[in-house]
Amino acid sequence: QVQLVQSGGGLVQTGDSLRLSCTASGRTLSSYVVGWFRQAPGKDREFVATITGGGTTFLVASVRDRFTISRDNAENTVYLQMNELKPEDTAVYYCAAGAGGTHANRYEFWGRGTQVTVYR
């Protein structure tokens with residue numbers, strides 16, 4: 001069993017930066033692929049980024065030039081650095097651990113979500 005605790009998030013202006021953290025307890029996070037998803041009001045949950053235990057990353061095209069996903073295996077933590085935030089990035093962001101990929105059903109463990117709000 002893996003428990004994922006998220007931190008970061010908040011209310012920021014367009015163009016600002018935020019860093020989200022996802023820290024695992026229970027098992028070593030490096031054993032899993034970790035993904036970030038987000039869900040805006042009235043919309044389906046969508047894939048944002050993923051990182052393997054070895055550090056290979058993949059980000060959705062809409063954020064690829066602004067967001068970075070990284071992991072610190074010693075801290076059992078994965079980060080999502082979000083730069084140049086836009087109002088359309090407003091959503092609840094979730095981290096998840098599992099087999100990997102871009103589909104939410106491939107992730108077994110989920111954080112509780114953290115709100116990111118970007119205003120103009």
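A disulfide here is a pair of cysteine sulfur atoms within 2.5 Å. Keep that cut-off handy for the first exercise, and remember that this is a predicted model.

**Exercise 1. Find how many disulfides the model has, and work out which residues and strands are joined.**

*Step 1.* Apply the cut-off: the count comes to 1 disulfide.

*Step 2.* Pin down the partners. Cys22 is joined to Cys95, with an S to S distance of 2.1 Å, which is within the 2.5 Å allowed.

*Step 3.* Place them in the chain. Cys22 sits in strand β3 and Cys95 in strand β9, 73 residues apart, so the pair links distant parts of the chain.

*Step 4.* Check the handedness: the angle about the S-S bond is 70°, and the link of Cys22 and Cys95 is right-handed.

*Step 5.* Buried or exposed? Buried means under 20% relative accessible area. Cys22 has 0% relative accessibility, so this residue counts as buried. Cys95 also comes out at 0%, so it counts as buried too.

**Exercise 2. Lay out the open sheet of 4 strands and say which strands stand at the edges.**

*Step 1.* Write down the order: β1-β3-β8-β7, with antiparallel pairing.

*Step 2.* Look for strands with a single partner. These are β1 (3-7) and β7 (67-72), so each has one side left without a neighbour in the sheet.

*Step 3.* Add the twist. On average, neighbouring strands of this sheet are turned by 15° against each other, direction ignored.

*Step 4.* Go through the pairings of β8 (residues 77-82). Antiparallel β3 and β8 are joined by 6 bridges, and Ser21 stands opposite Tyr79 in β8. On β7, the pairing with β8 is antiparallel over 6 bridges. There, Thr68 faces Gln81, while Phe67 has Met82 as its bridge partner.

*Step 5.* Finish with the turn and the cover. The hairpin of β7 and β8 has 4 residues between the strands, and Asn76 takes a positive phi near 55° there. As for β8, this strand is mostly covered, with 5 of its 6 residues buried.

**Exercise 3. Work out which strands pair with β9, and how well β9 is enclosed.**

*Step 1.* Start with β4: 7 bridges join this strand to β9, and the two run antiparallel. One of the matched pairs is Phe37 with Tyr94.

*Step 2.* Move on to β11, which pairs with β9 in the antiparallel sense over 3 bridges. Here Tyr93 stands opposite Thr114.

*Step 3.* Add β10 (residues 107-110), again antiparallel to β9 and over 3 bridges. In this pairing, Ala97 is matched with Phe109.

*Step 4.* Count the buried residues: 7 of the 8 in β9 qualify, so the strand is largely enclosed by the rest of the structure.

**Exercise 4. Describe the largest nonpolar core and the part Tyr93 plays in its contacts.**

*Step 1.* Size it up. The core has 29 residues, and those touching the most other members are Leu4, Trp36, Phe67, Leu80, Met82 and Tyr93.

*Step 2.* See where the members come from: β3, β4, β5, β7, β8, β9 and β11 each give two or more residues.

*Step 3.* Zoom in on Tyr93. Leaving out residues up to four places away in sequence, Tyr93 touches a list that includes Trp36, Phe67, Leu80 and Met82, along with Gln6, Arg38 and Thr114.

*Step 4.* Don't miss the second, separate core: this one has 5 residues, among them Phe37, Phe47, Ala96 and Tyr107.

How values were computed:
Residues are numbered from 1 along each chain as its sequence is written. This is a predicted model: local features need pLDDT of at least 70, side-chain atom pairs count only at pLDDT 80 or more; totals for chains, interfaces and linings use all residues. Side-chain values use heavy atoms; hydrogens and water are left out. Two strands pair if DSSP finds at least two bridges between them. Axes are lines fitted to C-alpha atoms, for helices over the stretch in contact, and angles run from 0 to 180 degrees between N-to-C directions. A nonpolar core is a set of buried Ala, Val, Leu, Ile, Met, Phe, Trp, Tyr and Cys residues joined through side-chain atoms within 4.5 Å. Buried means under 20% relative accessible area, exposed over 50%, partly exposed in between (1.4 Å probe, protein chains only). Contact means heavy atoms within 4.5 Å.
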